[in-house]
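User: I should like to go through the reasoning behind several of the labels attached to this protein. Please set out the evidence for each in turn.

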Amino acid sequence: MKRKIIILLSLQLSFYTLFGQNITGKWYEIANPNASLEITIDRNNDAYSGTFTWEWKSWISTVNAPLDQVLIKNDSLLLELTHADVTFNFKLRKDDKTDSYKGFFYFNARQLGPVVLGRIPIERDMSISAITEKKYTRQDTLRGKVTPERAWWDLTHYTLDFELNIENKYIKGSNTIKYTVLEPKNVMQIDLQTPMKITKVIQAGTLLTFTQEGNAYLIHLKENQIIGSSKEIEVYYEGSPREDPNPPFGGGFTYKQDANGKPFIYNASQGHGASLWWPSKDHMYDEPDNGMTISVTVPDGLMAVANGKLTATEKKNNGTTTYQWTVVNPINNYGVSLNVADYVHFSDPYNGKKGTLQCDYYVLPEHLEKAKIQFKQAHLMLEAFEHWFGPYPFYEDSYKLVDGIGMEHQSSVGYSGGYVNGMEGSDYSGSGWGMKFDYLIIHESGHEWFANNITYKDMADMWVHEGFTTYAEALYVEYYFGKKAGEDYIKGLSQGIANDKPIIGVYDVNDQDYTQDAYMKSAAFLHTLRQVINDDKKWRSILTGLNTVFYHKTVTSADIENYMAQQSGLNLNLFFDQYLKTTQIPTLEYYFKDNKFAYRWINAVRGFDMPLKVKLDNQEQWIKPTTNWTHEYTKDTKKELIIDSNFYVAGFKNMK
């Protein structure tokens, strides 16, 4: 999904304050309770210098680095420091009443936030933040849970057939739902969201009755449902599907026009569900085993593009044309798409790991020449991702890029990137590498492996889709530009981590209010796990193995966690608990005293024992911290420790 990137330059400062008769000594930021900046000022004759320790709620951690500049002029204190290769300026003025220095800090002359420095440090809260319990409704449960009315039947095929009345923004049609009986029950839940409505349901020529509870329709079957038998129902429906208030995040249809004034229509329903616009078993745990057929009727002069391959086109006498698209593989419900426009089509087959892959591109006429250049990146994407993840998962259904909306619609990837590299021309990683590729082509196509091939059963495990796919961006960079480039890209993205709430959400309620950390933080901890495994050949085999073992399957986070632990040969329970279920950054607390080097994990779940690569006095080595103190004794007095920046952790040097 086209992610909402909120780059949080919420720099959670913690300063060791300035005040008293003498400017020298320790200073702390005292206004921000989540701060982490400490400053020490020294004086040699009339010259001032100093050091600082600064940690952000992200990847960045600097310990005892020299201040670039310390200037004292009358009642003003001016500081300059470089943190994570970025220079900041602090302009502060003495406040005699409070014994503090107050002012602001700046980046590139842009004021970022207020700063107050005092002599007395604030208490650091190292405990796990409490999460406010959210209230859920009956409708949340009907939408997000495998209810008894869903559990007794296994979905095998959809035949979706409808006409789109563009002038009135109205849909009317039917969906034939085939299924296999698992238990002999006779009440079936079918979902369709208002203002759409089901008008009638038929099984074996008999009209069925149904009751409605919000967006859930309970269909009362009359035929005996014999275990193992194959059945079908025909569901007729109509209505004006909701228009998306904030494409693609609001869910629904978007109606626009191309440069020639012709209709340009697309939709998205991730999280909101396919039942926004067609009746279905709208839960991610069950996909139609044998795919679906999608027949869309639109006015002449327009083309309807959906999933799979175009298998029939029928021009009718009433000024409309029906386009039939056939999907032979299982498909998740939000991956079903509709795009309608005066499309121009071109193709560029790809010689891949499973033979020739049909690659088709459908673009607005005004975008054709740009698309012929920009969409060459699709082959680059396929080469890189087939290397990392294995064969493209839907050779039988083709691969498409379609002008519309940035979304991972299965075998029909939506594109809205403006035909420029980056995320519509911006590199959110700040590393420079994000401008080497078109984000929407690479990210949304990466979802063909993680979202469409491997699909979460519950939205609470959103990280399985977005974390792996965000990490796939870095792997793409690594494949073409080298390992360090990929590392720089992922570390750049990590500056947007919020740590606002745990990555794994609440199950059985389809809560769409998931944290954006499902993207960057999930990618960061996957990159960290790669360092822990410390074997790139094994790491790649795990990624390809995931797409083999869980080929065309729905999964839980636990399924993924267990597989990765098994294949790595490591006990990763606490690792996943730490990064998926808490908001805390594991922090290495350490100190040096005489010939002793002591360290432990804090901000960590009990028993957390992730090994860590460090440089100790410029000598690279692995250490094995736990949540208890470990002491190492050496012949020499150690003074400097640098944590490998490829680990998503923080460092805290205990100055005591």
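Analyst: The model is a predicted one. A suitable starting point is the residue after helix H10: H10 is followed by Gly569, whose phi is positive, near 75 degrees.

User: What makes the length of H10 close to the expected span?

Analyst: H10 has 12 residues, and its first and last C-alpha atoms lie 17 Å apart. The expected value, at 1.5 Å a residue, is 16 Å, and the span of H10 is close to that.

User: Why is the packing of H6 against H10 called oblique?

Analyst: The axes of H6 (residues 463-481) and H10 (residues 557-568) are 10 Å apart and make an angle of about 45 degrees. Roughly parallel applies under 35 degrees and roughly perpendicular from 65 to 115. An angle of about 45 degrees belongs to neither class, so H6 is oblique to H10.

User: Which residues make that contact, and what is its character by class?

Analyst: H6 contributes Trp463, Val464 and Phe468, while H10 contributes Ser557, Ile560 and Met564. By class, five of the residues are nonpolar, one is polar and none is charged.

User: Which residues of H10 are buried, and what covers them?

Analyst: The buried residues of H10 are Ser557, Ile560, Glu561, Tyr563, Met564, Ala565 and Ser568. Their cover includes H6, helix H8 (520-533), helix H9 (536-549) and helix H11 (573-581). Strands E30 (454-456) and E31 (553-555) are also included in that cover.

User: Why does Pro586 count as buried?

Analyst: The relative accessibility of Pro586 is 0%, and buried means under 20%, so Pro586 counts as buried. Pro586 is placed in the loop between H11 and strand E32 (587-593). Leaving aside residues up to four places away in sequence, Pro586 touches Gln578, Tyr579, Trp601, Ile602, Asn603, Phe608, Tyr648, Val649 and Ala650. The C-alpha atom of Pro586 is separated by 16 Å from that of Leu641, which is 55 residues apart from Pro586 along the chain.

User: Why are strands E12 and E21 said to stand at the edges of their sheet?

Analyst: The sheet is open, has 10 strands with mixed pairing, and runs in the order E12-E15-E14-E13-E16-E11-E10-E19-E22-E21. E12 (187-191) and E21 (309-315) each have a single partner strand, so one side of each is without a neighbour in the sheet. Neighbouring strands of this sheet are turned by 20 degrees against each other on average, direction ignored.

User: How do you know that E19 and E22 are paired?

Analyst: Pairing requires at least two bridges. E19 (residues 292-299) and E22 (residues 320-327) are joined by eight bridges, so they qualify as a pair, and they run antiparallel. Within this pairing, Val298 has Thr321 of E22 as its bridge partner.

User: What makes E5 and E6 a hairpin, and how does E6 pair with E7?

Analyst: E5 (residues 69-73) and E6 (residues 76-83) pair in the antiparallel sense over five bridges, and two residues stand between them in the hairpin. Ile72 stands opposite Leu77 in E6. In the turn, Asn74 has a positive phi of about 55 degrees. E6 and E7 (residues 86-95) also pair in the antiparallel sense, over eight bridges, and Leu78 stands opposite Lys91 in E7.

User: Why are Lys169 and Asp617 called partly exposed?

Analyst: Partly exposed lies between the buried limit of under 20% and the exposed limit of over 50%. Lys169, at 30% relative accessibility, therefore counts as partly exposed. Asp617, with a relative accessible area of 29%, therefore counts as partly exposed.

User: What is the phi of each of these two residues, and where are they found?

Analyst: Most residues other than glycine have a negative phi. Lys169 has a positive phi of about 55 degrees and is found in the loop between strands E10 (153-165) and E11 (170-181). Asp617 has a positive phi of about 50 degrees and is found in the loop between strands E34 (612-616) and E35 (619-623).

User: Where are the cis peptide bonds that join Thr194 to Pro195 and Pro247 to Pro248?

Analyst: Most peptide bonds are trans. The bond between Thr194 and Pro195 is cis, with omega about 10 degrees, and Pro195 is in the loop between E12 and strand E13 (197-203). The bond between Pro247 and Pro248 is cis, with omega about -5 degrees, and Pro248 lies in the loop between strands E16 (230-239) and E17 (252-257).

Technical notes: Residues numbered from 1 in each chain as written. Predicted model: local features only at pLDDT ≥ 70, side-chain atom pairs only at ≥ 80, totals over all residues. Heavy atoms only, no water. Axes fitted to C-alpha atoms, helices over the stretch in contact; angles between N-to-C directions. Helix = DSSP H or I, 4+ residues; strand = E, 2+ residues; numbered from the N terminus. Parallel < 35°, antiparallel > 145°, perpendicular 65-115°, else oblique. Contact = heavy atoms within 4.5 Å. Nonpolar A, V, L, I, M, F, W, Y, C, P; charged D, E, K, R; others polar. Expected span 1.5 Å × (residues − 1). Buried < 20%, exposed > 50% of the residue type's maximum accessible area, 1.4 Å probe, protein only.
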